[in-house]
Amino acid sequence: MASVTYEPIATTTLTGNAKNISFTSIPSTYTDLIIIMNYSINQPSSCWVRFNGNSATNYSFTELRGNGSSAYSTRGSNQTSSYFAFNVFPDTTPGNSIMNILNYSNTNTNKTFLTRTNAITGSYPGTAAYVGLWRQTAAINEITINMDGDAAYYYLSGSTFTIYGVKAS
Amino acid sequence: MIGTLATGALSIPTPPITSSFYSIASVSVASGGISSITFNSIPTDYKHLQLRLFIKAAATTNGTPTIVYNGDTSSVYTYHELQGNGASASAYSPGANYGGQWYVLGGQSADQYAAYITDILDYASTSKNKTIRTLMGFDNNGSGRVYLASQTYQNASTAITSLTLTMQSGNASEFSHAALYGIKD
């Protein structure tokens with residue numbers, strides 16, 4: 001019998017500027033996680049995600065992007081986090097990213113995740129798709145969203161970040 | 001004020017959950033692997049379907065899954081993709097109505113699980129061809145590909161009531177997972 005799913009787990013709307021956002025104690029009872037982000041940043045930078053506080057070089061990604069005149073692809077290997085807005089990122093006008101983390105709680109597999117990112121304005125506007133890999137079999141119970149640069153780079157007040165859980169029957 | 005926002009907080013909604021997203025069926029691949037997965041008797045009372053796949057191919061080449069609707073292997077499928085391989089972006093289509101099957105072309109290696117999210121829009125319509133889109137990819141830390149794909153199943157008169165995923169070569173490995181969801185309007 002079909003069961004209703006796609007449940008909100010946690011959400012935050014920034015009431016002040018913030019450099020990073022963390023979601024902790026994520027339950028392992030779902031099949032996939034979906035993170036929906038609608039955000040602005042104060043100056044051009046790349047946005048990245050990290051799992052379970054793991055800052056070792058266990059991350060990689062492959063990017064496909066278009067900027068309105070050309071299409072590109074790049075990758076990053078042996079990274080300390082995985083980018084979801086690398087060559088495409090918004091500025092004070094919100095862009096958005098939707099990240100799907102499949103089988104996030106399976107303790108037998110590394111974690112593969114897919115992200116779509118869109119930014120219409122800013123120094124690097126465009127649309128992009130990413131596949132990311134976290135080479136760890138641990139269940140994901142913590143997600144940190146951050147950006148490159150020092151404290152002078154941050155997400156602007158009003159940015160929203162929401163995690164949903166999807167459970168297969 | 002710049003700082004670290006420690007935790008996003010939300011009161012977990014109490015049941016019933018008012019969602020239009022339903023889990024219809026799923027398959028988790030056991031030890032030994034599996035060469036195909038079929039979802040039969042798909043109800044027609046949803047508006048759209050979403051298929052979410054987490055697949056590792058046992059074969060090191062030509063291991064990608066293909067999908068056939070309603071057991072229909074005739075030349076009624078089309079496919080276009082935009083691909084990024086980490087160095088360049090490219091586009092591909094096999095051309096005219098593809099030979100009986102819809103290929104999710106991935107060039108997947110046997111190292112990591114690939115992820116696929118496929119939306120089948122208006123799947124139950126008996127007056128429209130079926131338009132399908134997929135976001136998919138795999139990364140092997142130094143290799144890998146990400147795709148945006150669009151497909152059609154050119155059968156306007158029949159609702160999709162079954163879906164068969166078949167590995168092009170070999171089996172889908174243990175811990176692979178396929179889940180079918182229905183979205184109501």
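How many residues does each chain, A and B, put into the contact? Chain A contributes 59 residues and chain B contributes 54. Keep in mind that this is a predicted model.

Let's start inside chain A. Its open sheet has eight strands, running in the order S2-S13-S4-S9-S10-S11-S6-S7, with antiparallel pairing. Strand S2 (7–13) and strand S7 (71–79) of chain A each have a single partner strand, so they stand at the edges with one side left without a neighbour in the sheet. On average, neighbouring strands here are turned by 15° against each other, direction ignored. For a look at one pairing, take strand S9 (residues 95–102) and strand S10 (residues 111–119) of chain A: six bridges join these antiparallel strands. Within that part of the sheet, A:Ile101 has A:Phe113 in S10(A) as its bridge partner.

Now for where the chains meet. About 4400 Å² is buried between chain B and chain A, and carbon and sulfur atoms give 61% of that area. On the polar side, there are 20 residue pairs in polar contact between the two chains, counting pairs with both residues at pLDDT 80 or more. The side of chain B that touches chain A divides into 31 nonpolar, 20 polar and three charged residues, and S2(B) gives the most to that side, with six residues.

Strand pairing also crosses between the chains: strand S1 (residues 3–5) of chain A runs antiparallel to S2(B), joined by three bridges. One of the pairs to look up is A:Val4 with its bridge partner B:Tyr22.

Finally, the salt bridges: there are two between chain B and chain A. In one, the side chains of B:Asp139 and A:Arg75 meet at 3.7 Å, N to O.

Notes
Residues numbered from 1 in each chain as written. Chains lettered and ligands numbered in written order. Predicted model: local features only at pLDDT ≥ 70, side-chain atom pairs only at ≥ 80, totals over all residues. Heavy atoms only, no water. Pairing = 2+ DSSP bridges. Helix = DSSP H or I, 4+ residues; strand = E, 2+ residues; numbered from the N terminus. Axes fitted to C-alpha atoms, helices over the stretch in contact; angles between N-to-C directions. Contact = heavy atoms within 4.5 Å. Buried area = accessible area lost by both parts, 1.4 Å probe. Salt bridge = Lys/Arg side-chain N within 4 Å of Asp/Glu carboxyl O. Polar contact = N/O pair within 3.5 Å; in protein donor to acceptor, adjacent residues only side chain to side chain. Nonpolar A, V, L, I, M, F, W, Y, C, P; charged D, E, K, R; others polar.
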